[in-house]
Amino acid sequence: MSDRIILDLPLPPSPNAVATQNPLHLHGSKRKYQKKCWAVAISQTKPPRDPALAVRVDAHFRVHNIRDEADNLPASLKWVLDSLRQKQQGKLNWRQGIYDKCGYFIDDNPRHLIKGDVTQVIDRKNKGLTLVLTVIE
């Protein structure tokens, strides 16, 4: 794995928007977003066969309006990080091809993934999320 990977991903839904959904609809929304996120990520940079033991992730939200309080931004990363990790729970039915068992980092527990800066800026033309994954040695 190179020392740094930059991924431009679709904007995840706000935790406030999905908190009131029916659990079955919520599960479907989560899977749909994770499929899209994984497809966009591997189209930009292929995941390494052997991810680094520890990775720091910095997230930069580009939003139309300031969307959430600052404490909600890390919570909205949950679906993104779940879609990019190597250790998946259950069936890998939303992954495709040779990258089925790959991931950009091993797992999202604090031993393998250190959460760094989470910022948001107003960008009305290019909404999205930029993740910067940096190897920690």
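## Fold, sheet and salt bridges of a predicted model

The protein chain contains four helices and four strands. The model is a predicted one. Read from the N terminus, its elements follow the order β-α-α-β-α-α-β-β. Of the 137 residues in the protein chain, 41% are buried. Contacts between residues at least 6 apart in sequence are mostly of long range, since 83% of them join residues at least 24 apart.

### The sheet

The four strands make up an open sheet with mixed pairing, in the order β1-β4-β2-β3. Strands β1 (4-9) and β3 lie at the edges, and each of them pairs on one side only. On average, and with direction ignored, neighbouring strands of this sheet are turned by 15 degrees against each other. In general, the strands of a sheet pair through backbone hydrogen bonds, in either a parallel or an antiparallel manner.

Strand β1 pairs with β4 (residues 128-135) in the antiparallel sense, and six bridges join the two. Within this pairing, Ile-6 has Val-132 of β4 as its bridge partner, and Arg-4 has Thr-134 of β4. The side chains of β1 alternate between two faces. Ile-5, Leu-7 and Leu-9 point to one face and are buried, whereas Arg-4, Ile-6 and Asp-8 point to the other face and are not buried.

### The nonpolar core

The largest nonpolar core comprises 27 residues. Leu-84, Tyr-104 and Leu-131 have the most contacts inside this core. Two or more residues of the core come from each of β1, α2, β2, α4 and β4.

### Salt bridges

Side chains of opposite charge can pair when their charged atoms come close. The structure holds nine salt bridges, and the table lists three of them.

| Pair | Closest N to O distance |
|---|---|
| Arg-56 and Asp-58 | 3.0 Å |
| Asp-117 and Arg-56 | 3.8 Å |
| Asp-108 and Lys-78 | 3.7 Å |

Arg-56 takes part in a salt bridge with Asp-58 and in another with Asp-117. The pair of Asp-117 and Arg-56 links distant parts of the chain: Asp-117 belongs to strand β3 and Arg-56 to strand β2 (residues 55-63), with their positions 61 residues apart in sequence. The accessibility of these residues varies. Asp-58 has a relative accessibility of 10% and therefore counts as buried. Arg-56 is partly exposed, at a relative accessible area of 29%, and Asp-117 is also partly exposed, at 46%.

### The surroundings of Asp-108

Asp-108 is located in the loop that runs between α4 (78-84) and β3 (113-122). When neighbours within four places in sequence are left aside, Asp-108 is in contact with Lys-78, Asp-82, Arg-85 and Leu-113. Two of these contacts can be described through their side chains. The side chains of Asp-108 and Lys-78 meet in a salt bridge of 3.7 Å, N to O. This pair, too, links distant parts of the chain, as Lys-78 lies in helix α4 and Asp-108 in the loop between α4 and β3, 30 residues apart. Lys-78 has a relative accessibility of 43%, so this residue counts as partly exposed. The side chain of Asp-108 is also joined to that of Arg-85 by a polar contact of 2.9 Å. Asp-108 and Lys-78 further belong to a network of salt bridges, in which they are linked with Lys-30, Asp-82, Arg-85 and Asp-107.

### Arg-31 in helix α2

Helix α2 (residues 23-44) contains Arg-31. With a relative accessible area of 26%, Arg-31 is partly exposed. Its side chain makes a polar contact of 2.6 Å with the side chain of Gln-34. Arg-31 and Trp-79 stand 48 residues apart along the chain, yet their C-alpha atoms are separated by 8.8 Å.

Definitions and conventions:
Residues are numbered from 1 along each chain as its sequence is written. This is a predicted model: local features need pLDDT of at least 70, side-chain atom pairs count only at pLDDT 80 or more; totals for chains, interfaces and linings use all residues. Side-chain values use heavy atoms; hydrogens and water are left out. A polar contact is a pair of N or O atoms within 3.5 Å; within protein, one must be able to donate a hydrogen and the other to accept it, and residues adjacent in sequence count only if both atoms are side-chain atoms. Contact means heavy atoms within 4.5 Å. A salt bridge is a side-chain nitrogen of Lys or Arg within 4 Å of a carboxyl oxygen of Asp or Glu. Buried means under 20% relative accessible area, exposed over 50%, partly exposed in between (1.4 Å probe, protein chains only). Two strands pair if DSSP finds at least two bridges between them. Axes are lines fitted to C-alpha atoms, for helices over the stretch in contact, and angles run from 0 to 180 degrees between N-to-C directions. A nonpolar core is a set of buried Ala, Val, Leu, Ile, Met, Phe, Trp, Tyr and Cys residues joined through side-chain atoms within 4.5 Å.
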